[in-house]
Amino acid sequence: MRQMRLAVSAWSLLCLGAYAAHSSDASLYHSKLWVAGSIRSVMLASVRTSWEQGTAAGAILEFDDPEYSVFGSSPFVSDGQFPLSTLQLAYSAVVRQSPDGRLSQEIGDALDGAALDGASAGSAVLLGSLTDPSRYNYWLDAANAQLKFLLDVAPRTSTGAISHRVDSRQYWADGVYMGFPFIAYFGAVTNNATLLQIAYDQCRLYRDALILDGPTGKLWGHIYSDDNKTWIDEGIWGTGNAWAAHGMLRVAVTIQKTGHSSEMAPQIADLTLWIKEILDGEFAALRSDNLVPNYITGGPSFPDAASSAALSSVAYRVAHLFPQKFGTNYTDVAAKIRGAVVGNITNLGTMQPIVNPLPDPFPYWNQTGLLSTESQAFGLMMLSAWRDWIDA
């Protein structure tokens, strides 16, 4: 009996300690909400391109209306709430949809040349068909046109992967975030297991093409040309790996939230393993300032808050969703990164230091920059993931 009382007492102390830690984290999160507001407003002020439109919409959805994010409990049905800020970005994506179906393309007098980037806003557009019945056909028609472009129009590589570019056949690590979560989301909303499998297959084909043995583990090179069978950028770029991890996470979680999760358990297991590869390799390269380098190999290694924030958000998400595979060692690193990222935010709310997002000089990802929509979005995603992990 005495041993039982001691065991109960020890368990009570453990629970109290966990509660105290949780309460402390929640208080810290609420003390940093002003940071989220600053990051958010700068992000919205800087949106220009198709991939920025979709990435900003994804970040806004996670922060403002998390119940409709794929990380929510029932993300594929309406709960009666109207996700205004997300649909405002989705509306702009549809207004600027090109005749071939790509969202967010008509900017000035030119298209952006990417096959996958426009689809980054696809999930937000399809969400409109669930939550804005007065425009049901408007949203659904736009989402269908974007899906048709990906499946029937975009170039394919020799392996069947959807090319990231429209005028050539190329694999970009970025593309895993841009196109494949939308395909999975469409499959979830329409209960179409074929689309879920296509989304998984595309992630697999991109990994097969881009995976490298880096100095800190298996990580992804940036750009490979299937036309010439040569690397355009063989460097292990932090942001490229972050894009890939984020995209695979969204595909995995989307499949997990459907009725096909049991039959597709092997696909979910593969995706989480590939995410783990990226987190392990990138976190092993963490600098003394608690930021990951822009490049681990093949480019300049200056600290990059953008990829750091993105990887931190992935770590929080997988620790929350797949705790049997991702322990506190991942959230410990995520917290270090979070502190470094928040500590470097300027009085204007901009993330620093970051990669230059502008197209010139090429390659622009070798340069530091002053303002980046995707960096701001990654920061907001990191804070949303932290909030959800501590249940603040």
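Q: Let me start with one pair: which residue stands opposite Ser225?
A: Good place to begin! In this predicted model, Ser225 faces Thr230, a residue of β5. Two strands are taken as paired if at least two bridges are found between them. Here β4, residues 223-225, is joined to β5 by three bridges, and the two strands run antiparallel.

Q: In what order do the strands of that sheet come?
A: The order is β1-β4-β5, in an open sheet of three strands with antiparallel pairing. Because β1 (170-172) and β5 (230-233) each have a single partner strand, they stand at the edges, and one side of each has no neighbour in the sheet. As for twist, neighbouring strands here are turned by 20 degrees against each other on average, with direction ignored.

Q: Which helix lies across these strands?
A: That is α9, residues 193-210, which lies across β1, β4 and β5. Relative to β1, α9 runs at about 95 degrees.

Q: At what angle do α9 and α11 pack?
A: For helix pairs, look at the angle, the axis distance and the handedness. The angle between α9 and α11 (residues 265-283) is about 35 degrees, and their axes are 11 Å apart. The crossing itself is left-handed.

Q: Which residues of α9 and α11 meet?
A: From α9 come Gln197, Tyr200, Cys203, Arg204 and Arg207. Their counterparts in α11 are Gln267, Asp270, Leu271, Trp274 and Glu277. Sorted by character, the residues of this contact comprise four nonpolar, two polar and four charged.

Q: Now for another pair of strands: how many residues lie between β2 and β3 in their hairpin?
A: Two residues lie between them. β2 (residues 211-214) and β3 (residues 217-220) pair in the antiparallel sense over four bridges. For a landmark in that pairing, find Leu212, which stands opposite Leu219 of β3.

Q: Which residues of β2 are on its covered face, and which on its uncovered one?
A: Leu212 and Gly214 make up the covered face of β2, while Ile211 and Asp213 make up the uncovered one.

Q: One last residue: is Gln146 buried or exposed, and why?
A: The test is relative accessible area: buried means under 20%. Gln146 has a relative accessibility of 0%, so Gln146 counts as buried. You will find Gln146 in helix α6, residues 136-153.

Q: What does Gln146 touch?
A: Leaving aside residues up to four places away in sequence, Gln146 touches Gln97, Gly101, Arg102, Leu103, Gly118, Ala119 and Phe182.

How values were computed: Residues numbered from 1 in each chain as written. Predicted model: local features only at pLDDT ≥ 70, side-chain atom pairs only at ≥ 80, totals over all residues. Heavy atoms only, no water. Axes fitted to C-alpha atoms, helices over the stretch in contact; angles between N-to-C directions. Contact = heavy atoms within 4.5 Å. Left-handed = near helix turned anticlockwise from the far one by under 90°. Nonpolar A, V, L, I, M, F, W, Y, C, P; charged D, E, K, R; others polar. Buried < 20%, exposed > 50% of the residue type's maximum accessible area, 1.4 Å probe, protein only.
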